[in-house]
Amino acid sequence: MNEILRIAEKEIGQTEKPANSNKTPYGKWFGLDGVAWCGIFVSWCYAQAGFQLPKIGFLKGYAGCQTAVAYFKKVNQITKSPVEGDIVFFDWNADGRYDHTGLFVKWLTADTFETIEGNTAVGNDSNGGLVMRRNRSKKCAIFVHP
């Protein structure tokens with residue numbers, strides 16, 4: 001397992017405090033606490049591992065999925081063959097708007113893979129307030145190798 005995933009794995013179980021506030025240590029670090037934090041979590045994991053993501057609208061990485069996907073497409077970092085620690089974005093409704101992001105862990109089958117994500121939960125994929133391991137389908141995903 002690479003360093004980015006080792007760091008993310010240690011955060012599994014971390015929750016917002018107070019509940020439903022979007023307040024996290026990642027938001028404090030990012031300088032934008034109290035907002036949806038899935039991208040902030042990914043940026044934090046990369047930074048803790050010594051890999052600074054590009055400054056996509058902010059000084060420490062990205063907060064918004066739409067802006068980040070547009071940037072990664074522009075610099076040709078989209079991949080169909082992700083490796084552990086790569087970034088994944090999800091378009092749940094297949095409407096061209098990316099709703100959520102996390103870290104790719106490994107393929108489980110030809111069509112499903114494991115992730116570690118921030119601000120997710122069973123029953124609320126994109127704003128659940130928890131860091132957790134998830135199993136996802138590739139049909140709603142786009143992968144980035146930064």
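A polar contact is a pair of N or O atoms within 3.5 Å; within protein, one of the two must be able to donate a hydrogen and the other to accept it. In this predicted model, such a contact joins the side chain of Asn22 to the side chain of Trp37, at 3.4 Å. Asn22 sits in the loop between α1 (3-10) and α2 (25-30). Its relative accessibility is 12%, so Asn22 counts as buried, the cut-off for buried being under 20%. Beyond its neighbours within four places in sequence, Asn22 is in contact with Glu16, Asp33, Gly34, Val35, Ala36, Trp37, Asn119 and Asn127.

A second buried residue, Cys38, belongs to helix α3 and has a relative accessible area of 5%. With neighbours within four places in sequence again set aside, the contacts of Cys38 are Cys65, His100, Thr101, Gly118 and Asn119. Asn119 is thus a partner of Asn22 and also of Cys38. Lys17 lies 21 residues from Cys38 along the chain, and their C-alpha atoms are 15 Å apart.

Helix α3 (residues 38-48) also packs with α1, at an angle of about 120° and with 8 Å between the axes. The two helices are therefore oblique to each other, and α1 passes α3 in a right-handed crossing. On the α1 side, the residues that meet α3 are Ile4, Ile7 and Ala8; on the α3 side they are Phe41, Trp44, Cys45, Tyr46 and Gln48. Sorted by character, the residues of this contact comprise 7 nonpolar and 1 polar, with no charged residue among them.

Note on methods
Residues are numbered from 1 along each chain as its sequence is written. This is a predicted model: local features need pLDDT of at least 70, side-chain atom pairs count only at pLDDT 80 or more; totals for chains, interfaces and linings use all residues. Side-chain values use heavy atoms; hydrogens and water are left out. Helices (H or I, at least four residues) and strands (E, at least two) are DSSP runs, numbered from the N terminus. Buried means under 20% relative accessible area, exposed over 50%, partly exposed in between (1.4 Å probe, protein chains only). Contact means heavy atoms within 4.5 Å. Axes are lines fitted to C-alpha atoms, for helices over the stretch in contact, and angles run from 0 to 180 degrees between N-to-C directions. Angles under 35 degrees count as roughly parallel, over 145 as roughly antiparallel, 65 to 115 as roughly perpendicular and the rest as oblique. A crossing is left-handed if the near helix is turned anticlockwise from the far one by less than a right angle, and right-handed if clockwise. Ala, Val, Leu, Ile, Met, Phe, Trp, Tyr, Cys and Pro count as nonpolar, Asp, Glu, Lys and Arg as charged, and the others, Gly among them, as polar.
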